[in-house]
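Dear colleague,

I am handing over the structure below, and would be glad if you could look through it alongside the notes that follow.

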Amino acid sequence: MGGGGTPGPGEFGGSGRERARRRGQGQLEAQVLAALHEASGPATATWVQERLDGDLAYTTVMTILSRLHAKQAVTRERSGRAYVWTPAADEAGLAALRMRRVLDGEPDRDAVLTSFVSALSAHDEQLLRTLLDSATADASASADDPAPADGPAAEPGTAPAPRRHHPSD
């Protein structure tokens with residue numbers, strides 16, 4: 001390094017232009033997912049790279065796709081010697097996956113959920129209440145369904161009869 005001046009283009013990680021072009025991992029993942037959502041079907045890493053204007057190296061695209069696969073945000077299937085990639089969910093599903101992952105990473109889920117819910121707008125709170133009520137009603141309906149197809153319904157207030165095992169079971 002030279003005297004007491006400012007760092008040159010090759011010092012401290014490259015030129016300012018290179019640093020300005022550097023993006024965070026989350027931003028790269030979002031760009032790769034957006035490209036996959038544009039595809040009419042499963043896409044190769046090369047196809048994704050081309051949609052990103054060749055701005056990223058092929059190995060970088062593969063690394064991002066592999067990380068997304070580990071996070072269950074994309075699926076992959078062998079096609080010859082390569083993989084073809086597909087988003088695992090639509091944009092809303094991927095956002096929900098990210099939210100669950102953040103929640104799962106926190107030691108105090110109750111505090112996180114309390115903080116999240118207390119910050120909701122009135123509209124979002126009402127929507128959440130409606131969705132929870134619907135899920136509760138669906139769970140109650142499935143619990144109230146008659147006996148399974150392989151046996152008669154039990155009389156109300158009685159325990160179900162034990163299932164007898166056939167020797168062929």
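**What was found**

The chain has seven helices and two strands, and please keep in mind throughout that the model is a predicted one. Read from the N terminus, the order of the elements is α-α-α-α-β-β-α-α-α. The chain comprises 169 residues, of which 16% count as buried, and among the contacts with a separation of 6 or more, 39% are between residues 24 or more positions apart.

One buried position that may repay a look is Leu65, which is placed in helix H4, residues 58-70. Leu65 has a relative accessible area of 0% and is therefore buried, the cut-off being under 20%. Leaving aside residues up to four places away in sequence, Leu65 touches Val32, Leu36, Ala45, Val74 and Trp85. In addition, the C-alpha atoms of Leu65 and Leu33 are 8.7 Å apart in space, although 32 residues separate the two in sequence.

Further along the chain, Gln72 lies in the loop between H4 and strand E1 (74-79). Gln72 is not a glycine, and yet its phi is positive, at about 65°. With a relative accessibility of 58%, Gln72 counts as exposed, because the cut-off for that class is over 50%.

As to the aromatic residues, the structure holds one aromatic pair. Separately, the ring of Tyr83 has the charged end of Arg76 sitting over it, 4.3 Å from the ring centre, and the charged end of Arg78 likewise sits over the ring of Tyr83, at 4.4 Å from its centre.

Finally, there is the packing of two helices to consider. The axes of helix H5 (residues 91-104) and helix H6 (residues 109-118) come within 9 Å and cross at roughly 135°. Since that angle falls neither over 145 degrees, where a pair would count as roughly antiparallel, nor within the 65 to 115 degrees of a roughly perpendicular one, H5 and H6 are therefore oblique to each other. On the H5 side the contact involves Met99, Leu103 and Asp104, which meet Arg109, Val112, Leu113 and Phe116 in H6. By character, the residues of this contact between H5 and H6 divide into five nonpolar and two charged, with no polar residue among them.

With best regards

Methods: Residues are numbered from 1 along each chain as its sequence is written. This is a predicted model: local features need pLDDT of at least 70, side-chain atom pairs count only at pLDDT 80 or more; totals for chains, interfaces and linings use all residues. Side-chain values use heavy atoms; hydrogens and water are left out. Rings of Phe, Tyr and Trp (its six-membered ring) pair if their centres lie within 6.5 Å; planes under 30 degrees apart count as stacked, over 60 as edge-to-face and the rest as tilted. A charge sits over a ring if NZ of Lys or CZ of Arg is within 6 Å of the ring centre and within 35 degrees of the ring normal. Axes are lines fitted to C-alpha atoms, for helices over the stretch in contact, and angles run from 0 to 180 degrees between N-to-C directions. Helices (H or I, at least four residues) and strands (E, at least two) are DSSP runs, numbered from the N terminus. Angles under 35 degrees count as roughly parallel, over 145 as roughly antiparallel, 65 to 115 as roughly perpendicular and the rest as oblique. Contact means heavy atoms within 4.5 Å. Ala, Val, Leu, Ile, Met, Phe, Trp, Tyr, Cys and Pro count as nonpolar, Asp, Glu, Lys and Arg as charged, and the others, Gly among them, as polar. Buried means under 20% relative accessible area, exposed over 50%, partly exposed in between (1.4 Å probe, protein chains only).
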